[in-house]
Amino acid sequence: MSGPTGTLTMLFSDIEGSTSLLHGLGSRWGEALSAQRRILRAAFEAHDGREMGTEGDSFFVVFTSAQDAVAAAIAGQRGLREHEWPGQVPLRVRIGLHTGEPEWHDDDLIGIDVHRAARIAGAAHGGQIVVSESTERLVAGFGGEFRLRDLGFHRLKDLTELEHLFDVQAPGVEDEHPPIRSLGTGASLPTYATELIGRSDEVAAICESIDMDNVRLVTLTGTGGTGKTRLAVAVAGELERRHARDTYFVPLHAYDRRALMWAGIADVLSAPADAHQSPEERVLDFLAHRSALLVLDNLEQIADASEVVSRLLTTAPGVRILATSRRPLHLADEHLYPVAPLPVPDLSADRRPDELDTGAVALFLRRARMVKPTFALTPANVADVVALCERLDGLPLAIELAAARSRLLSPKALLHRIDDLPTEAVVVGDRSERHRTLWATISWSYDLLDPHSQRALRQLGVFSSRFDLDAVADVVSTDGRDPLDVVTHLIDASLLEIVEGPDGEPMMFMLETIRRFARTRLEESDEHDQVRLAHARWSLQVAAEISSLLTGPRQMSALDRMEAVEEDIRAALDWCLAPTVAPAGERAICGYALLEPMNSYWYRFGYIAEGRGWHERARRLLAGDDVPDSPEVVDALHGQGVLAVQQLDLSSGSLALERALAMAHRLGDLEREARESNSLGIARREAGDLEEARALIERSLSIARRVGDRHREAMALTNVVHMQLDAGDYSGAVTAARTAIELVTALGDPWGVAINQGNLIVALLHSEGPESASAVLREVAADAVALGDTELSIDLLDAAAAVAAGMGSPEVAATLLGTSETQREVAGIPRPVPDQQHLDRFIEPARTTLQDGLWTAAFTKGSSMSIEQTIALATSAIGMPTPTNP
């Protein structure tokens with residue numbers, strides 16, 4: 001323990017990202033960030049806050065008094081509001097507070113309460129202080145100069161229960177904010193810096209269509225650049241104001257197959273965090289009885305998207321879908337709404353310039369004024385503006401690209417250059433005349449860039465999703481320029497857009513049509529392989545950083561970061577592990593290395609099938625005899641083996657681990673040799689060779705202690721517990737589990753602590769009986785499940801089922817086992833034979849105490865429950881034996 005215990009109030013804060021920060025501060029961003037830290041740190045310290053961590057622009061602070069926490073938050077917001085910010089661009093910070101009982105592990109706080117506080121902060125807006133109901137109860141009667149406003153109940157990402165939220169109102173603190181950014185609300189829709197121009201009639205018509213009783217699927221179709229996404233967001237926002245139904249926006253531009261589409265929908269729904277089912281089952285279970293509007297954006301590149309949409313409509317009768325696609329889905333229930341370009345006014349009539357400020361001309365005018373505030377329609381330029389919009393077919397994206405050049409070029413000069421556009425420009429797969437115009441307009445805008453910005457744009461095409469300034473610095477050849485300057489030029493030219501990242505920082509992205517253009521230019525250049533390799537190395541660095549956070553108090557933040565970059569990681573793996581790659585080349589080696597930090601993510605969060613797919617790609621490259629020994633190859637073989645063993649594919653897994661162990665030994669890499677001995681020992685145990693399993697695990701333990709590798713020693717001790725259980729040395733298993741817990745606690749590894757606490761429950765059950773085991777189970781179960789590790793959670797269900805059986809609660813045991821068996825089947829994680837034998841020692845006698853049909857009924861009930869629901873049942877029921885039937 002390293003700090004105050006008991007009831008604590010946790011405060012999370014971070015800066016709300018905005019376009020104004022990027023444009024307004026420039027090189028003074030660092031100055032502003034330092035000022036923000038200084039102001040908040042002073043407020044926290046003045047109210048006895050203990051700073052737990054600072055990451056980027058965020059704080060995590062803990063208080064023993066909820067009143068002090070609220071007072072600190074108010075003081076911090078006042079200080080920020082009163083500060084004279086550089087460039088007159090204020091930094092707006094969102095703050096969230098939650099009171100609970102987190103646990104200390106070394107210098108970190110862990111547990112579901114920490115995650116809840118982080119999610120509450122993420123739901124707030126800049127300048128706002130949002131608190132949970134538990135905090136509200138402690139401070140509501142405190143008096144003072146603040147009051148609390150009830151914000152109602154909200155769903156927050158990765159939390160299954162609704163959260164009752166309040167915000168703090170006090171003098172000197174902003175009191176007008178948009179709706180909380182919770183799941184299923186219009187506040188979660190994308191936001192844009194400019195209003196939607198010229199589409200009010202379309203918004204009304206589409207809303208009217210979706211509101212019809214017999215309409216459940218509307219697809220907005222049209223070529224790239226017509227503004228389908230902006231229109232869909234506007235429609236969803238209007239419908240959200242009209243109806244009490246959940247609204248979810250699902251961006252799918254980076255996905256190319258059905259499985260990833262389901263995963264993308266599941267992530268947006270957060271459906272639900274504790275249910276380790278396939279993404280499709282998670283989505284369908286979540287939506288089955290809900291009234292919701294799904295906005296599915298960019299479906300054209302997903303060949304079987306229609307099958308997903310059809311399944312959603314069939315299984316979730318309360319769901320309506322608004323889709324955007326360049327082509328129809330061809331479903332029987334589909335209502336098509338072709339999105340036409342903006343209308344261009346008719347100059348033939350005798351009309352004043354201000355009367356022509358509609359449709360395409362209105363959009364041009366608004367965008368031109370963003371770069372040249374004095375721009376206006378005049379009798380001298382109106383004909384050129386109208387002709388320009390007509391030449392660009394009224395395509396919003398093309399018009400914005402042209403208008404962005406109004407700072408330097410008059411409408412007449414723009415028109416002359418547009419008239420010179422090549423007519424033969426064609427995008428493969430979309431040969432419409434309008435798309436040729438759009439592609440040519442992007443090309444024209446690209447040609448107007450200086451050579452440095454051209455190079456930056458085509459290199460940025462390597463990214464599959466959003467990226468931040470650090471990514472730009474790592475991947476793009478900036479020619480010595482500040483990455484901020486690089487992206488600012490492209491933003492000014494409307495070739496990049498800005499979105500808020502997981503931590504509130506501004507991130508950049510390209511519209512899909514521009515991304516395709518940039519990537520085409522990159523593929524045509526001689527720098528393609530160099531940029532792809534830099535992108536793969538950046539992906540490796542990011543994956544390693546995220547992997548290191550997955551076992552600490554920042555796990556929720558780490559998962560958000562993974563969600564933001566996982567498409568880029570997939571793209572990097574796809575390039576590095578292509579079938580034509582040289583197995584020992586730098587490209588393949590980078591791919592092998594990238595597998596290593598991803599293994600723990602795939603292993604722990606239920607993506608084993610995807611992980612094995614990438615490892616199969618690597619295995620094919622490594623199948624030959626000419627692969628040189630290297631740490632990266634050892635890591636690739638290790639991941640391949642561990643994921644295979646987890647699914648009881650013991651032949652493939654053992655072969656990979658044997659090869660990894662031999663290679664680590666030849667390299668003289670003792671840390672990896674200890675790791676491979678440990679993993680191969682588990683493979684041997686699950687194959688029934690207990691003698692060799694013990695020898696390998698003891699070898700791992702010996703090497704770890706010899707080289708002083710405490711982490712590897714703890715991992716080996718974890719498996720020593722299994723060896724003792726298999727040998728019937730139950731008291732020895734208890735001792736080994738407690739020793740391992742002490743070691744991983746000292747290392748600050750909450751994941752390792754949870755695994756060994758689960759082992760301790762099983763050891764105590766066999767050694768001392770169910771009462772001792774149940775005491776530990778009730779203490780640790782909720783926090784262990786909150787870590788989100790699929791196999792750990794399922795193993796804990798098994799342990800709880802055995803404890804319930806031993807305590808005379810057979811129906812509870814059957815329910816727990818029903819959940820466990822279902823989740824094992826979904827996750828593809830069979831129960832090893834030795835573990836089944838330990839479980840049967842308690843389950844089989846309990847099964848015989850129930851009348852025919854009662855066990856099956858309870859088992860069936862459990863099969864439809866989530867892990868969190870079943871664990872809650874177990875912790876409430878265990879200790880209060882259920883009478884058995886005679």
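In this predicted model, helices α6 and α7 pass one another in a right-handed crossing. The axes of α6, which spans residues 200-210, and of α7, which spans residues 228-242, come within 9 Å and cross at roughly 55 degrees, an angle that makes α6 oblique to α7. On the α6 side the contact involves Glu-202, Val-203, Ile-206, Cys-207 and Ile-210, which meet Leu-231, Ala-234, Val-235, Glu-238, Leu-239 and Arg-242 of α7. Divided by class, the residues of this contact comprise 8 nonpolar and 3 charged residues, with no polar ones.

A second helix pair is formed by α23 (residues 608-621) and α24 (residues 631-646), whose axes come within 9 Å and cross at roughly 135 degrees. At this angle α23 is likewise classed as oblique to α24, because the oblique class takes in angles that are neither under 35 degrees, nor over 145 degrees, nor from 65 to 115 degrees. The crossing of α23 past α24 is left-handed. Ile-608, Gly-611, Arg-612, His-615 and Arg-619 of α23 make the contact with Ala-636, Gly-639, Gln-640, Leu-643, Ala-644 and Gln-646 of α24. In terms of class, 4 nonpolar, 5 polar and 2 charged residues take part in the contact of α23 with α24.

Within this second pair, Leu-643, a residue of helix α24, is buried, with a relative accessible area of 1%. When residues up to four places away in sequence are not counted, Leu-643 touches Ile-608, Gly-611, Arg-612 and His-615, together with Asn-599, Trp-602 and Tyr-603. One of these partners, His-615, is 28 residues apart from Leu-643 along the chain, and the C-alpha atoms of the two residues are separated by 8.9 Å.

Burial was also examined along individual helices. In α13, which covers residues 396-403, 8 of the 8 residues are buried, so this helix is largely enclosed by the rest of the structure. The buried residues of α13 are Pro-396, Leu-397, Ala-398, Ile-399, Glu-400, Leu-401, Ala-402 and Ala-403. In helix α35 (residues 854-863), the residues Trp-855, Ala-858 and Gly-862 are buried. Viewed down the axis of α35, these buried residues fall within an arc of 70 degrees and therefore line one face of the helix. Such an arrangement may be read against the geometry of the α-helix, which has 3.6 residues a turn, so that residues three or four places apart point the same way. The elements that cover the buried residues of α35 include α33 (810-827) and α34 (833-848).

Backbone geometry was considered at two loop positions. Asn-298, in the loop between β12 (292-297) and α10 (305-315), has a positive phi of about 70 degrees although it is not a glycine. With a relative accessible area of 15%, Asn-298 is buried, because the cut-off for burial is a value under 20%. Leu-648, which is placed in the loop between α24 and α25 (650-667), also has a positive phi, near 60 degrees, in a residue other than glycine. In contrast to the buried Asn-298, Leu-648 counts as partly exposed, at 28% relative accessibility.

How values were computed: Residues are numbered from 1 along each chain as its sequence is written. This is a predicted model: local features need pLDDT of at least 70, side-chain atom pairs count only at pLDDT 80 or more; totals for chains, interfaces and linings use all residues. Side-chain values use heavy atoms; hydrogens and water are left out. Buried means under 20% relative accessible area, exposed over 50%, partly exposed in between (1.4 Å probe, protein chains only). Helices (H or I, at least four residues) and strands (E, at least two) are DSSP runs, numbered from the N terminus. The arc is that of the directions from the helix axis to the C-beta atoms. Contact means heavy atoms within 4.5 Å. Axes are lines fitted to C-alpha atoms, for helices over the stretch in contact, and angles run from 0 to 180 degrees between N-to-C directions. A crossing is left-handed if the near helix is turned anticlockwise from the far one by less than a right angle, and right-handed if clockwise. Ala, Val, Leu, Ile, Met, Phe, Trp, Tyr, Cys and Pro count as nonpolar, Asp, Glu, Lys and Arg as charged, and the others, Gly among them, as polar.
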